[in-house]
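Please look through the structure shown below. The report that follows moves from a sheet to the packing around it, and then to a helix and some backbone angles.

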Amino acid sequence: MNSIKCEALLGYLDELLKPGMFKDYCPNGLQIQGKSTIQRLITGVTASQDFLDAAIEQKADAVLVHHGYFWKGEQPNITGTKYHRVRALIEAGVNLFAYHLPLDCHPEFGNNAQLGQRIGIQRLGHLTPGQPNDPGDIGCFDRPLTLSELEDRLIKDLGQKPLIIPGQSSLKPLDSAYKVEKVAWCTGGAQSYFERAIAQSVDVYITGEISEPMVHLARESGVTYVAAGHHATERYGALSLGNHLAEHFGLEVEFIDIDNPV
C-alpha cells in the first residue's frame, strides 16, 4: 500500500471539500496533529471514544470523520471525555481530520448526495435557492412512492426504521393511497430547514431528527416529515470519501461504524 504526507492529504482534502467557503460551527480540516506519514486511514461518522479505540486497535495513522471536536459554544477546556479522546489520539500519534458542512454539501461525496443516490432521488437543485453552500437539496423520486414504500427503502439503505409524520393528519401512518414524489432532504439535525422545504412545495421532507413543533407543522402544511436518524443519514459521506481516497492515493482505508440509534 502507498503512503502520503499528512500535509499533502490535508491539502488535497481542503481543495476537494473547500472548507473556506463555509461558515461552520467548528474548524474543518486537521483538528489534531499526529504522524507525519499516513498509510492507514480509518473513516467514520463521529470521533467518539469507541470509534477512536477501534481505529487505534486497527493501527490507524489518521482518522477522518464528519463530527470532530471544538464546536462553537462548547467549553474549550480539555477535560473529562474530551481529555480522554484527545489524549488517546496524541499518545497513538493519530491525526484527526474532520469536515462538517463541507462534507454535508459536496456534490459527489457529501452526505446529502450519497443519501439521495441510495434512496433513488433525482436531484433538481438546492433547498435554498442561490445558496449552494447551505446544506439541503430538492429533487424527485424515480417514481411516486407510497409512504410504506419509502419506509422500506429507508430501512433497507439505512438499517433502521424511520419516524414518518404524514402530511395529512387524517391518514393512517402509511396509507397506501397517499403517494409522494417531490422531495426535499437534508441529512443530520436539520429540523429548522423544514419551512424552507414547505416553501418549495414538496411532498415530503427527509432529515435525521425531529422536534415537537415539526409534527404539527407537517400536519398543517400537508408536507410529510421523515426523521430517518442523524447518524444513519450521515453515514455515507465519510464512507464514500474514504473509498475515493483509497482509490486515488492507494491508501489502506477502512470505515468503522459505531452504532447510534439517534
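In this predicted model, Leu163 stands opposite Ala227, a residue of strand β12. The two strands concerned, β9 and β12 (residues 224–227), pair in the antiparallel sense over three bridges. Strands of a sheet pair through backbone hydrogen bonds, and the pairing may be either parallel or antiparallel. The sheet to which β9 and β12 belong is an open one of six strands, in the order β7-β8-β10-β11-β12-β9, and its pairing is mixed. Its edge strands are β7 (121–126) and β9 (163–165), each of which pairs on one side only. From one strand to the next, the twist averages 25 degrees.

Which residues have the most contacts inside the largest nonpolar core? This core has 22 residues, and those with the most contacts inside it are Phe141, Leu150, Val180, Val204, Ile206 and Val226. Two or more residues come from each of β8 (137–146), α6 (147–158), β10 (179–185), β11 (204–207) and α10 (236–249), and the largest share, four residues, is given by α6. Val226 offers a closer view: leaving aside neighbours within four places in sequence, this residue is in contact with Leu150, Leu154, Pro162, Leu163, Ile164, Val204, Tyr205, Ile206 and Thr207. A second core of 18 residues is separate from the largest one, and among its members are Ile38, Tyr99, Phe109 and Leu241. In soluble globular proteins, nonpolar side chains tend to be buried together.

Burial is not limited to nonpolar residues, as Arg40 shows: this residue of strand β4 (residues 40–46) counts as buried because its relative accessibility is 16%, which is under 20%. Its side chain makes a polar contact of 2.6 Å with the side chain of Glu254. Residues up to four places away in sequence not being counted, Arg40 touches Gln58, Lys59, Ala60, Asp61, Ala62, Glu252 and Glu254.

The next topic is helix α2. Its buried residues are Phe51, Leu52, Ala54 and Ala55. Seen down the axis of α2, these residues fall within an arc of 165 degrees, so they line one face of the helix. An α-helix has 3.6 residues a turn, so residues three or four places apart point the same way. The buried residues of α2 pack against β4, β5 and α3, whereas the face turned away from the buried side carries the exposed residues Asp50 and Glu57.

Which residue with a positive phi follows α2? That residue is Lys59, with a phi near 65 degrees. Most residues other than glycine have a negative phi. Phe70 also has a positive phi although it is not a glycine. The table sets out the place, angle and accessibility of these two residues.

| Residue | Place | Phi | Relative accessible area |
|---|---|---|---|
| Lys59 | loop between α2 (49–57) and β5 (62–67) | near 65 degrees | 64%, exposed |
| Phe70 | loop between β5 and α3 (80–92) | about 65 degrees | 29%, partly exposed |

Lys59 counts as exposed because its relative accessible area of 64% is over 50%, while Phe70, at 29%, is partly exposed. Lys59 also links back to strand β4, being one of the residues that Arg40 touches.

Note on methods: Residues are numbered from 1 along each chain as its sequence is written. This is a predicted model: local features need pLDDT of at least 70, side-chain atom pairs count only at pLDDT 80 or more; totals for chains, interfaces and linings use all residues. Side-chain values use heavy atoms; hydrogens and water are left out. Two strands pair if DSSP finds at least two bridges between them. Axes are lines fitted to C-alpha atoms, for helices over the stretch in contact, and angles run from 0 to 180 degrees between N-to-C directions. Buried means under 20% relative accessible area, exposed over 50%, partly exposed in between (1.4 Å probe, protein chains only). A polar contact is a pair of N or O atoms within 3.5 Å; within protein, one must be able to donate a hydrogen and the other to accept it, and residues adjacent in sequence count only if both atoms are side-chain atoms. Contact means heavy atoms within 4.5 Å. A nonpolar core is a set of buried Ala, Val, Leu, Ile, Met, Phe, Trp, Tyr and Cys residues joined through side-chain atoms within 4.5 Å. The arc is that of the directions from the helix axis to the C-beta atoms.
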